[in-house]
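Please study the sequence and the structure shown below before attempting the exercises. Each exercise consists of a task and a worked solution.

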Amino acid sequence: MKQETIESERCMIMEKKYKILITGACGVTSRSVVRSLNRSAYFKDQCEFIGTDVCYNLYGIYEGLYSRVYQVPAYHAPNYREAIQEIIDAHDIEYAIIIPEPEALYWSKNPFPVKFFRIPPKFGRAVLSKLHLYELLQGTGLTPDFQLVNKKEILESANSVKLSYPMWIRDYSEGTTSGMGSFAPDNYEELKAWLCINKKVDTFMLSEFLPGRNLACFLMYDNGKLLKYGVAQRIDYLMAKVAVSGITGNTSRGKLLNDENVFDVARNAVEYVASTTGETMNGLVVVDLKENADGKPMVTEINLRHVAFTSTFANAGFNFSEYQMLLLSGQKDLIPDELTMQFPENNIMLRDVDGLPIYLSDFEGIPYSVMG
């Protein structure tokens, strides 16, 4: 497309006001999406963001990213649908970006009359739980070895554990995030202790311990066609010491990668699941991976949504939120053709509790240091 045509269409876009519903509005990821759109040459200052949330995190209400945030019932509440429809009607909302995964699955099965990335419903159902995902991918070599355990059997006999130590034990409930219920016991005694501490859970999933890099791969599809991908590495976590697993889900240090091998594994997993459910892949998902002892990326999770790295990609000039809105608003021709972007080798993302993420394209370490 000629440059003057692009500029003309950009001016037309900027004349329109986009009313966008953001669910899970108070969460870190939802706010990263909004910040990314506020960086977009097409959508900056052109969007009115209306948020909905159960509002456990009050900070997200008062940060100033939304024109209004509504407290709404959880997606499974009897009055959820009525509440969301009332908000859509009151604000003439045309677009929606759905963040909490169980809510994304609900919308997939029960769509509202707005434009949004609709994940294939059977696909969403298949990947929402780690256990279901691992069972589906079993035998493909894409996921680590795993075992479902019953608390009573484990406490009665060490022989009921088939995997070697160390291993991961975790709650595999649908929609769990941020390392919830996770622990890496080094021996049977530590495993038993973890089972006893978690008194309300009767079954857990054990899985192979993966010592390598912690990775994420964004994949954006439009009716079966892959439009964009991006790979990132999580290196350190905010408040890691408060979580037994050392993983809080909120990255404090990371980087964007040029790694086709990670992309290939993630894409194979997503398209394998879609083929088994018999659906055409659509929407944006983020595949979590971790490398085994041989450096092979293994799929650990498929998220039905953006993750917080969204804003770091946008800061680097690769804006998934912008591409999503261009697609939803019927302006696909403005999306660049390249599948991904080549990121500088020494880039880094830094994040702290009280500050916005910082992206540095050429990180050289601490600029000034005096050592005794």
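The exercises that follow concern a predicted model.

**Exercise 1. A buried lysine**

Task: Determine which side chain of opposite charge is nearest to Lys-255, and explain why the two form no salt bridge.

Solution:
- Step 1. Locate the residue: Lys-255 belongs to strand 10, which covers residues 251-257.
- Step 2. Find the partner: the nearest side chain of opposite charge is that of Glu-345, 4.4 Å away.
- Step 3. Apply the cut-off: a salt bridge requires a side-chain nitrogen of Lys or Arg within 4 Å of a carboxyl oxygen of Asp or Glu. Lys-255 therefore has no salt bridge, although the residue is buried.
- Step 4. Examine the backbone: a polar atom of the Lys-255 side chain lies 2.8 Å from the backbone oxygen of Glu-345.
- Step 5. Describe the surroundings: beyond its neighbours within four places in sequence, Lys-255 is in contact with several residues, including Phe-309, Asn-347 and Met-349.

**Exercise 2. Two helices that pack together**

Task: State how helix 2 and helix 12 are oriented to each other, and identify the residues that meet.

Solution:
- Step 1. Read the geometry: helix 2 (residues 28-38) and helix 12 (residues 320-328) pack at an angle of about 75°, and their axes are 8 Å apart.
- Step 2. Classify the angle: values from 65 to 115 degrees count as roughly perpendicular, so helix 2 and helix 12 are roughly perpendicular to each other.
- Step 3. List the residues: helix 2 contributes Val-33, Ser-36 and Leu-37, which meet Ser-321, Glu-322 and Met-325 of helix 12.
- Step 4. Consider the loop between helix 2 and strand 2, where Ser-40 is found. The side chains of Ser-40 and Glu-322 are joined by a polar contact of 2.6 Å.
- Step 5. Decide whether Ser-40 is buried or exposed: its relative accessible area is 1%. Buried means under 20%, so Ser-40 is buried.

**Exercise 3. A covered helix**

Task: Establish how many residues of helix 5 are buried and which elements they pack against.

Solution:
- Step 1. Count: in helix 5 (residues 101-109), 8 of the 9 residues are buried, and the helix is mostly covered.
- Step 2. Name some of them: among the buried residues are Pro-102, Leu-105, Tyr-106 and Trp-107.
- Step 3. Identify the packing partners: the buried residues of helix 5 pack against strand 1, helix 4, strand 4, helix 6 and strand 12.

**Exercise 4. Salt bridges along the chain**

Task: Of the 13 salt bridges in the structure, examine three and state where their residues lie.

Solution:
- Step 1. Consider Glu-94 and Lys-115, whose side chains meet in a salt bridge of 3.4 Å, N to O. This pair links distant parts of the chain, 21 residues apart: Glu-94 is in the loop between helix 4 and strand 4, and Lys-115 is in the loop between helix 5 and helix 6.
- Step 2. Consider Lys-130 and Glu-301, with a salt bridge of 3.9 Å, N to O. Here Lys-130 of helix 7 is linked to Glu-301 of strand 12, 171 residues apart. Both Lys-130 and Glu-301 are buried.
- Step 3. Consider Arg-267 and Glu-271, with a salt bridge of 2.9 Å, N to O. Both residues lie in helix 10, 4 residues apart, which is about one turn of the helix.
- Step 4. Assess the exposure of the last pair: Arg-267 has 28% relative accessibility, and Glu-271 has 32%. Partly exposed covers the range between 20% and 50%, so Arg-267 counts as partly exposed, as does Glu-271.

Definitions and conventions: Residues numbered from 1 in each chain as written. Predicted model: local features only at pLDDT ≥ 70, side-chain atom pairs only at ≥ 80, totals over all residues. Heavy atoms only, no water. Helix = DSSP H or I, 4+ residues; strand = E, 2+ residues; numbered from the N terminus. Buried < 20%, exposed > 50% of the residue type's maximum accessible area, 1.4 Å probe, protein only. Lys, Arg positive; Asp, Glu negative; His and termini not counted. Polar contact = N/O pair within 3.5 Å; in protein donor to acceptor, adjacent residues only side chain to side chain. Contact = heavy atoms within 4.5 Å. Axes fitted to C-alpha atoms, helices over the stretch in contact; angles between N-to-C directions. Parallel < 35°, antiparallel > 145°, perpendicular 65-115°, else oblique.
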